[in-house]
Amino acid sequence: MNANTQEKPIYMDYHATTPMDPRVVERMLYYMTQAYGNASSTDHVYGDEAEAAVATAARQVATLLGTAPRNIIFTSGATESINLALQGHCNARGTCQQIAVSPIEHKAVLDTCQALQEQGKATLTWLHVDQQGRIDLDYLREVCQTGIDLICIMAANNEIGTIAPIQEIANIAAQYNAAYFCDATQGAGKIPIDFDTIGITYLALSAHKMYGPKGTGALLIQSDANLVPLIHGGGHQRGMRSGTLNVPGIVGLGEACKLRYQEMDQDEPAIQAKRDHLQSLLQAHIPQLVINGDLKHRLAGNLHISIPGLDNSMLIARIRHQLAISTGSACTSGIEAPSHVLQAIHLPTDLIEGALRISIGKFTTDTDITTAAHLLTQTYKAIMQKHDQ
Ligand SMILES: Cc1ncc(COP(=O)(O)O)c(C=O)c1O
(Lines give C-alpha, C1' and ligand atoms only; values in the text may rest on other atoms or scores of the structure.)
Protein backbone atom coordinates (compact mmCIF):
# COMPACT_ATOMS: atom_id res chain seq x y z
CA MET A 1 0.00 0.00 0.00
CA ASN A 2 2.69 2.48 -0.95
CA ALA A 3 1.17 5.80 -1.89
CA ASN A 4 4.42 6.87 -3.63
CA THR A 5 4.97 6.12 -7.28
CA GLN A 6 8.40 5.68 -8.84
CA GLU A 7 8.43 8.97 -10.71
CA LYS A 8 7.28 11.00 -7.77
CA PRO A 9 9.51 12.16 -4.91
CA ILE A 10 9.35 10.17 -1.69
CA TYR A 11 6.66 11.80 0.44
CA MET A 12 7.78 12.67 3.98
CA ASP A 13 5.51 15.58 4.83
CA TYR A 14 2.72 13.75 6.68
CA HIS A 15 2.26 16.61 9.16
CA ALA A 16 1.22 18.86 6.27
CA THR A 17 -1.22 16.27 4.97
CA THR A 18 -1.43 12.51 4.58
CA PRO A 19 -2.14 10.47 1.48
CA MET A 20 -5.66 9.08 1.67
CA ASP A 21 -6.22 5.49 2.61
CA PRO A 22 -7.70 3.73 -0.47
CA ARG A 23 -10.38 2.19 1.75
CA VAL A 24 -11.52 5.70 2.71
CA VAL A 25 -11.57 6.77 -0.96
CA GLU A 26 -13.65 3.74 -1.86
CA ARG A 27 -16.32 4.54 0.75
CA MET A 28 -16.41 8.20 -0.22
CA LEU A 29 -16.80 7.33 -3.89
CA TYR A 30 -20.01 5.44 -3.17
CA TYR A 31 -21.48 8.53 -1.50
CA MET A 32 -20.46 10.69 -4.45
CA THR A 33 -21.73 8.46 -7.23
CA GLN A 34 -24.51 6.25 -5.80
CA ALA A 35 -25.82 7.55 -2.47
CA TYR A 36 -25.62 11.23 -3.32
CA GLY A 37 -28.68 12.38 -1.40
CA ASN A 38 -28.87 15.43 0.80
CA ALA A 39 -28.75 14.28 4.44
CA SER A 40 -31.58 16.74 5.20
CA SER A 41 -33.95 15.34 2.52
CA THR A 42 -36.54 13.49 4.54
CA ASP A 43 -38.87 12.70 1.62
CA HIS A 44 -36.94 9.91 -0.10
CA VAL A 45 -34.50 7.09 0.46
CA TYR A 46 -31.56 9.00 -1.00
CA GLY A 47 -31.84 11.40 1.92
CA ASP A 48 -32.35 8.54 4.37
CA GLU A 49 -29.17 6.80 3.21
CA ALA A 50 -27.11 10.00 3.44
CA GLU A 51 -28.48 10.74 6.89
CA ALA A 52 -27.66 7.22 8.06
CA ALA A 53 -24.10 7.59 6.72
CA VAL A 54 -23.63 10.82 8.69
CA ALA A 55 -24.93 9.09 11.84
CA THR A 56 -22.46 6.23 11.30
CA ALA A 57 -19.60 8.70 10.80
CA ALA A 58 -20.52 10.50 14.03
CA ARG A 59 -20.35 7.16 15.87
CA GLN A 60 -16.96 6.38 14.30
CA VAL A 61 -15.50 9.77 15.31
CA ALA A 62 -17.03 9.42 18.78
CA THR A 63 -15.55 5.93 19.26
CA LEU A 64 -12.02 7.05 18.34
CA LEU A 65 -12.17 10.07 20.64
CA GLY A 66 -14.14 8.58 23.52
CA THR A 67 -17.31 10.61 23.50
CA ALA A 68 -20.96 10.47 22.44
CA PRO A 69 -21.99 11.14 18.79
CA ARG A 70 -24.22 14.03 19.92
CA ASN A 71 -21.10 15.97 21.02
CA ILE A 72 -19.75 16.12 17.44
CA ILE A 73 -20.18 18.98 14.97
CA PHE A 74 -18.84 18.37 11.45
CA THR A 75 -16.92 21.26 9.94
CA SER A 76 -14.73 22.08 6.93
CA GLY A 77 -11.56 21.22 8.84
CA ALA A 78 -9.58 22.07 11.94
CA THR A 79 -9.32 25.78 11.12
CA GLU A 80 -13.11 26.13 11.16
CA SER A 81 -13.40 23.94 14.28
CA ILE A 82 -10.87 26.16 16.06
CA ASN A 83 -12.73 29.32 15.04
CA LEU A 84 -16.07 27.87 16.12
CA ALA A 85 -14.68 26.87 19.52
CA LEU A 86 -12.79 30.07 20.30
CA GLN A 87 -15.10 32.64 18.74
CA GLY A 88 -18.17 30.67 19.78
CA HIS A 89 -16.94 30.50 23.38
CA CYS A 90 -16.20 34.22 23.62
CA ASN A 91 -19.39 35.26 21.81
CA ALA A 92 -21.50 33.14 24.16
CA ARG A 93 -20.23 35.10 27.15
CA GLY A 94 -20.87 38.78 27.59
CA THR A 95 -17.59 39.53 29.32
CA CYS A 96 -14.02 39.78 27.99
CA GLN A 97 -12.57 36.28 28.29
CA GLN A 98 -9.16 35.63 29.85
CA ILE A 99 -7.44 33.13 27.54
CA ALA A 100 -4.20 31.36 28.46
CA VAL A 101 -2.56 30.23 25.24
CA SER A 102 0.59 28.34 24.38
CA PRO A 103 2.93 30.23 22.02
CA ILE A 104 3.54 27.09 19.93
CA GLU A 105 -0.09 26.63 18.87
CA HIS A 106 -0.92 26.48 15.17
CA LYS A 107 -1.55 29.83 13.48
CA ALA A 108 -5.25 28.95 13.25
CA VAL A 109 -5.38 29.18 17.06
CA LEU A 110 -2.97 32.09 17.46
CA ASP A 111 -4.59 34.28 14.81
CA THR A 112 -8.10 33.58 16.13
CA CYS A 113 -6.98 34.46 19.67
CA GLN A 114 -5.34 37.67 18.42
CA ALA A 115 -8.48 38.64 16.49
CA LEU A 116 -10.61 38.12 19.61
CA GLN A 117 -8.19 40.29 21.58
CA GLU A 118 -8.37 43.04 18.93
CA GLN A 119 -12.18 42.88 19.08
CA GLY A 120 -12.06 43.36 22.86
CA LYS A 121 -13.60 39.92 23.44
CA ALA A 122 -10.51 38.35 25.00
CA THR A 123 -7.29 39.15 26.81
CA LEU A 124 -4.40 36.80 26.12
CA THR A 125 -1.92 35.42 28.64
CA TRP A 126 1.03 33.67 27.02
CA LEU A 127 2.06 30.39 28.58
CA HIS A 128 5.67 29.28 28.84
CA VAL A 129 7.33 26.44 26.95
CA ASP A 130 10.86 25.09 27.25
CA GLN A 131 13.33 24.30 24.45
CA GLN A 132 11.62 20.99 23.78
CA GLY A 133 8.19 22.61 23.48
CA ARG A 134 7.01 21.33 26.87
CA ILE A 135 4.42 23.44 28.69
CA ASP A 136 5.44 24.84 32.07
CA LEU A 137 2.58 23.42 34.15
CA ASP A 138 3.56 25.34 37.30
CA TYR A 139 3.26 28.58 35.37
CA LEU A 140 -0.10 27.41 33.97
CA ARG A 141 -1.32 26.88 37.58
CA GLU A 142 0.04 30.30 38.52
CA VAL A 143 -1.80 32.12 35.73
CA CYS A 144 -4.98 30.15 36.43
CA GLN A 145 -4.96 31.63 39.94
CA THR A 146 -5.40 35.06 38.34
CA GLY A 147 -8.73 33.93 36.84
CA ILE A 148 -8.39 32.24 33.45
CA ASP A 149 -11.59 31.39 31.55
CA LEU A 150 -10.15 29.32 28.71
CA ILE A 151 -6.90 27.37 28.24
CA CYS A 152 -5.61 26.63 24.70
CA ILE A 153 -2.97 23.92 24.52
CA MET A 154 -2.64 21.56 21.57
CA ALA A 155 -2.40 17.76 21.96
CA ALA A 156 0.69 17.47 19.76
CA ASN A 157 2.76 20.06 17.93
CA ASN A 158 2.70 20.08 14.13
CA GLU A 159 6.36 21.07 13.77
CA ILE A 160 8.45 19.49 16.52
CA GLY A 161 5.95 16.73 17.39
CA THR A 162 5.99 17.33 21.16
CA ILE A 163 3.01 15.64 22.85
CA ALA A 164 1.36 17.62 25.66
CA PRO A 165 0.20 16.10 28.99
CA ILE A 166 -3.45 16.76 28.17
CA GLN A 167 -4.80 14.91 31.21
CA GLU A 168 -2.76 17.09 33.58
CA ILE A 169 -3.81 20.22 31.69
CA ALA A 170 -7.48 19.21 31.86
CA ASN A 171 -7.10 18.58 35.61
CA ILE A 172 -5.68 22.07 36.10
CA ALA A 173 -8.49 23.54 33.98
CA ALA A 174 -11.09 21.71 36.10
CA GLN A 175 -9.42 22.79 39.35
CA TYR A 176 -9.64 26.46 38.36
CA ASN A 177 -13.01 26.20 36.63
CA ALA A 178 -11.57 27.10 33.22
CA ALA A 179 -12.65 25.61 29.89
CA TYR A 180 -9.99 23.61 28.01
CA PHE A 181 -9.72 23.90 24.23
CA CYS A 182 -7.44 21.24 22.74
CA ASP A 183 -6.34 21.39 19.10
CA ALA A 184 -5.90 17.67 18.48
CA THR A 185 -5.35 17.98 14.72
CA GLN A 186 -1.98 16.23 14.90
CA GLY A 187 -2.80 13.99 17.88
CA ALA A 188 -6.11 12.43 16.88
CA GLY A 189 -5.63 8.95 15.49
CA LYS A 190 -1.98 8.87 16.53
CA ILE A 191 -2.15 9.00 20.32
CA PRO A 192 -5.01 7.77 22.53
CA ILE A 193 -7.37 10.64 23.43
CA ASP A 194 -10.46 10.03 25.57
CA PHE A 195 -12.41 13.29 25.38
CA ASP A 196 -14.98 12.54 28.10
CA THR A 197 -12.67 10.82 30.57
CA ILE A 198 -9.92 13.42 30.24
CA GLY A 199 -12.44 16.23 30.65
CA ILE A 200 -11.63 18.36 27.60
CA THR A 201 -14.23 21.07 26.87
CA TYR A 202 -13.63 21.57 23.12
CA LEU A 203 -11.49 19.48 20.74
CA ALA A 204 -10.66 20.21 17.08
CA LEU A 205 -9.58 17.61 14.53
CA SER A 206 -9.11 17.27 10.78
CA ALA A 207 -9.54 14.29 8.46
CA HIS A 208 -6.58 15.03 6.18
CA LYS A 209 -4.02 14.44 8.94
CA MET A 210 -5.22 10.86 9.41
CA TYR A 211 -5.48 9.47 5.88
CA GLY A 212 -8.87 11.08 5.23
CA PRO A 213 -9.99 13.84 2.86
CA LYS A 214 -9.06 17.52 2.96
CA GLY A 215 -11.77 20.02 3.81
CA THR A 216 -13.47 17.92 6.50
CA GLY A 217 -13.08 18.06 10.24
CA ALA A 218 -14.98 18.09 13.47
CA LEU A 219 -15.36 19.97 16.71
CA LEU A 220 -16.15 17.97 19.83
CA ILE A 221 -18.09 19.96 22.39
CA GLN A 222 -18.69 18.85 25.98
CA SER A 223 -22.44 18.52 26.46
CA ASP A 224 -22.74 21.32 29.05
CA ALA A 225 -20.53 23.79 27.10
CA ASN A 226 -22.18 26.81 25.56
CA LEU A 227 -21.12 28.07 22.10
CA VAL A 228 -22.61 30.63 19.73
CA PRO A 229 -22.53 29.35 16.12
CA LEU A 230 -20.42 31.07 13.46
CA ILE A 231 -22.44 30.00 10.42
CA HIS A 232 -26.18 30.59 10.34
CA GLY A 233 -28.53 29.08 7.79
CA GLY A 234 -30.84 26.12 7.69
CA GLY A 235 -30.27 25.10 11.29
CA HIS A 236 -28.28 21.99 10.38
CA GLN A 237 -26.39 20.16 13.14
CA ARG A 238 -28.72 21.46 15.84
CA GLY A 239 -28.11 25.01 14.64
CA MET A 240 -24.43 24.85 15.56
CA ARG A 241 -23.18 24.78 11.96
CA SER A 242 -25.61 25.38 9.15
CA GLY A 243 -25.03 24.33 5.56
CA THR A 244 -25.73 21.18 3.57
CA LEU A 245 -23.63 18.41 5.06
CA ASN A 246 -20.60 17.32 3.06
CA VAL A 247 -21.68 13.69 3.13
CA PRO A 248 -18.72 12.14 1.23
CA GLY A 249 -16.26 14.17 3.33
CA ILE A 250 -18.01 13.23 6.57
CA VAL A 251 -18.09 9.57 5.51
CA GLY A 252 -14.35 9.87 4.77
CA LEU A 253 -13.65 11.35 8.19
CA GLY A 254 -15.71 8.62 9.85
CA GLU A 255 -13.99 5.83 7.95
CA ALA A 256 -10.55 7.34 8.66
CA CYS A 257 -11.43 7.44 12.38
CA LYS A 258 -12.69 3.85 12.28
CA LEU A 259 -9.44 2.67 10.71
CA ARG A 260 -7.32 4.65 13.20
CA TYR A 261 -9.32 3.13 16.05
CA GLN A 262 -8.72 -0.38 14.68
CA GLU A 263 -5.13 0.05 13.49
CA MET A 264 -3.44 2.81 15.50
CA ASP A 265 -1.99 0.37 18.04
CA GLN A 266 -0.18 -1.60 15.33
CA ASP A 267 0.64 1.27 12.97
CA GLU A 268 2.17 3.76 15.38
CA PRO A 269 4.94 1.50 16.79
CA ALA A 270 5.83 0.48 13.20
CA ILE A 271 6.00 4.15 12.15
CA GLN A 272 8.12 4.93 15.22
CA ALA A 273 10.58 2.13 14.36
CA LYS A 274 11.00 3.59 10.85
CA ARG A 275 11.43 7.12 12.23
CA ASP A 276 14.06 5.85 14.71
CA HIS A 277 15.88 4.07 11.89
CA LEU A 278 15.97 7.25 9.80
CA GLN A 279 17.13 9.23 12.82
CA SER A 280 20.00 6.84 13.54
CA LEU A 281 21.08 6.70 9.88
CA LEU A 282 21.23 10.51 9.79
CA GLN A 283 23.03 10.72 13.12
CA ALA A 284 25.62 8.21 11.91
CA HIS A 285 26.45 10.31 8.84
CA ILE A 286 25.93 13.81 10.24
CA PRO A 287 27.41 13.77 13.77
CA GLN A 288 26.52 17.42 14.51
CA LEU A 289 22.81 16.74 13.81
CA VAL A 290 20.44 18.12 16.46
CA ILE A 291 17.07 16.45 17.07
CA ASN A 292 14.39 18.94 18.13
CA GLY A 293 11.28 18.34 20.26
CA ASP A 294 10.70 16.26 23.34
CA LEU A 295 12.48 13.00 22.62
CA LYS A 296 10.48 11.20 25.34
CA HIS A 297 7.05 12.46 24.24
CA ARG A 298 7.09 12.88 20.49
CA LEU A 299 4.71 11.85 17.71
CA ALA A 300 5.87 8.53 16.24
CA GLY A 301 6.14 9.93 12.71
CA ASN A 302 7.94 13.16 13.62
CA LEU A 303 11.61 13.80 12.99
CA HIS A 304 12.48 17.47 13.36
CA ILE A 305 16.17 18.08 12.89
CA SER A 306 18.60 20.97 12.70
CA ILE A 307 21.97 20.88 11.00
CA PRO A 308 24.13 23.78 12.24
CA GLY A 309 25.63 25.78 9.36
CA LEU A 310 23.14 24.45 6.79
CA ASP A 311 20.79 26.72 4.87
CA ASN A 312 17.62 24.59 4.95
CA SER A 313 16.03 26.25 1.91
CA MET A 314 19.16 25.46 -0.13
CA LEU A 315 18.86 21.78 0.78
CA ILE A 316 15.12 21.72 0.04
CA ALA A 317 15.74 23.38 -3.35
CA ARG A 318 18.24 20.66 -4.31
CA ILE A 319 16.24 17.72 -3.01
CA ARG A 320 12.68 18.72 -3.86
CA HIS A 321 12.32 16.48 -6.92
CA GLN A 322 13.39 13.40 -4.99
CA LEU A 323 12.18 13.98 -1.46
CA ALA A 324 9.21 15.97 -0.12
CA ILE A 325 10.09 17.44 3.29
CA SER A 326 9.52 20.83 4.85
CA THR A 327 11.35 23.68 6.54
CA GLY A 328 8.37 24.36 8.76
CA SER A 329 4.63 24.21 8.92
CA ALA A 330 3.11 23.79 5.45
CA CYS A 331 0.07 25.85 6.43
CA THR A 332 2.21 28.97 6.79
CA SER A 333 5.21 28.22 4.58
CA GLY A 334 3.88 30.51 1.84
CA ILE A 335 5.07 33.31 4.07
CA GLU A 336 8.85 33.64 4.30
CA ALA A 337 9.19 34.04 8.06
CA PRO A 338 11.11 31.99 10.59
CA SER A 339 8.89 29.43 12.29
CA HIS A 340 7.09 30.93 15.29
CA VAL A 341 7.36 27.55 17.01
CA LEU A 342 11.15 27.40 16.71
CA GLN A 343 11.38 31.01 17.88
CA ALA A 344 9.09 30.35 20.85
CA ILE A 345 11.23 27.43 22.02
CA HIS A 346 14.27 29.73 21.70
CA LEU A 347 16.14 27.59 19.23
CA PRO A 348 19.39 29.39 18.33
CA THR A 349 19.30 31.17 14.94
CA ASP A 350 21.67 28.74 13.21
CA LEU A 351 19.48 25.83 14.30
CA ILE A 352 16.38 27.61 13.00
CA GLU A 353 18.10 28.28 9.68
CA GLY A 354 19.21 24.65 9.45
CA ALA A 355 15.87 23.13 10.52
CA LEU A 356 14.09 20.42 8.56
CA ARG A 357 10.73 18.86 9.40
CA ILE A 358 10.51 15.27 8.25
CA SER A 359 7.22 13.51 8.93
CA ILE A 360 6.36 9.97 7.97
CA GLY A 361 3.30 7.75 8.22
CA LYS A 362 1.84 4.34 7.59
CA PHE A 363 2.63 4.31 3.86
CA THR A 364 6.33 5.05 4.39
CA THR A 365 8.40 2.00 3.45
CA ASP A 366 11.79 0.77 4.68
CA THR A 367 13.19 1.61 1.24
CA ASP A 368 11.84 5.15 1.55
CA ILE A 369 13.76 5.45 4.82
CA THR A 370 17.12 4.28 3.49
CA THR A 371 16.76 6.28 0.27
CA ALA A 372 15.80 9.43 2.16
CA ALA A 373 18.73 9.03 4.56
CA HIS A 374 21.09 8.64 1.60
CA LEU A 375 19.63 11.62 -0.27
CA LEU A 376 19.76 13.88 2.78
CA THR A 377 23.33 13.02 3.75
CA GLN A 378 24.67 13.23 0.17
CA THR A 379 22.92 16.55 -0.49
CA TYR A 380 24.08 17.97 2.82
CA LYS A 381 27.68 16.93 2.13
CA ALA A 382 27.57 18.38 -1.39
CA ILE A 383 26.32 21.73 -0.07
CA MET A 384 28.95 21.86 2.65
CA GLN A 385 31.73 20.95 0.20
CA LYS A 386 30.69 23.76 -2.12
CA HIS A 387 30.47 26.05 0.88
CA ASP A 388 34.06 25.20 1.93
CA GLN A 389 35.56 25.74 -1.56
C1 LIG B 1 -1.99 21.53 14.73
C2 LIG B 1 -2.82 22.00 13.58
N3 LIG B 1 -3.94 22.70 13.82
C4 LIG B 1 -4.74 23.11 12.82
C5 LIG B 1 -4.43 22.88 11.50
C6 LIG B 1 -5.36 23.35 10.41
O7 LIG B 1 -6.04 22.24 9.89
P8 LIG B 1 -6.98 22.31 8.58
O9 LIG B 1 -6.05 22.19 7.44
O10 LIG B 1 -7.88 21.12 8.70
O11 LIG B 1 -7.72 23.58 8.63
C12 LIG B 1 -3.25 22.17 11.20
C13 LIG B 1 -2.85 21.96 9.78
O14 LIG B 1 -1.69 21.97 9.46
C15 LIG B 1 -2.44 21.70 12.26
O16 LIG B 1 -1.35 21.00 12.03
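Visitor: What makes strands 9, 10 and 12 a sheet, and in which order do they stand?
Guide: The 3 strands form an open sheet in the order 9-10-12, with antiparallel pairing. Strand 9 (290–291) and strand 12 (355–359) stand at the edges, each with a single partner strand, so one side of each has no neighbour in the sheet. A strand here is a DSSP run of E with at least two residues, a helix is a run of H or I with at least four, and both are numbered from the N terminus.

Visitor: What kind of model is this, and how are residues numbered?
Guide: It is a predicted model: local features need pLDDT of at least 70, side-chain atom pairs count only at pLDDT 80 or more, and totals for chains, interfaces and linings use all residues. Residues are numbered from 1 along each chain as its sequence is written, and side-chain values use heavy atoms, with hydrogens and water left out.

Visitor: How do you know that strands 9 and 10 pair?
Guide: Two strands pair if DSSP finds at least two bridges between them. Strand 9 and strand 10 (residues 302–306) have 2 bridges, in the antiparallel sense. The cut-off is met, so they count as a pair. V290 stands opposite S306 in strand 10.

Visitor: Which strands are the edge strands of the sheet with 7 strands?
Guide: That open sheet runs in the order 2-8-7-6-5-3-4, and its pairing is mixed. Its edge strands are strand 2 and strand 4 (122–126), which each pair on one side only.

Visitor: What makes strands 6 and 7 a pair?
Guide: Strand 6 (residues 179–183) and strand 7 (residues 202–206) share 3 bridges in the parallel sense. D183 stands opposite A204 in strand 7.

Visitor: Why is helix 3 called mostly covered?
Guide: Buried means under 20% relative accessible area, exposed over 50%, and partly exposed in between (1.4 Å probe, protein chains only). In helix 3, 11 of the 15 residues are buried. Among them are A78, I82, L86 and C90.

Visitor: How does the span of helix 3 compare with the expected one?
Guide: The expected span is 1.5 Å times one less than the number of residues. Helix 3 (residues 78–92) reaches 20 Å from first C-alpha to last, close to the expected 21 Å.

Visitor: What makes up the lining of the second largest pocket, by class?
Guide: The lining has 8 nonpolar, 4 polar and 2 charged residues. Ala, Val, Leu, Ile, Met, Phe, Trp, Tyr, Cys and Pro count as nonpolar; Asp, Glu, Lys and Arg as charged; the others, Gly among them, as polar.
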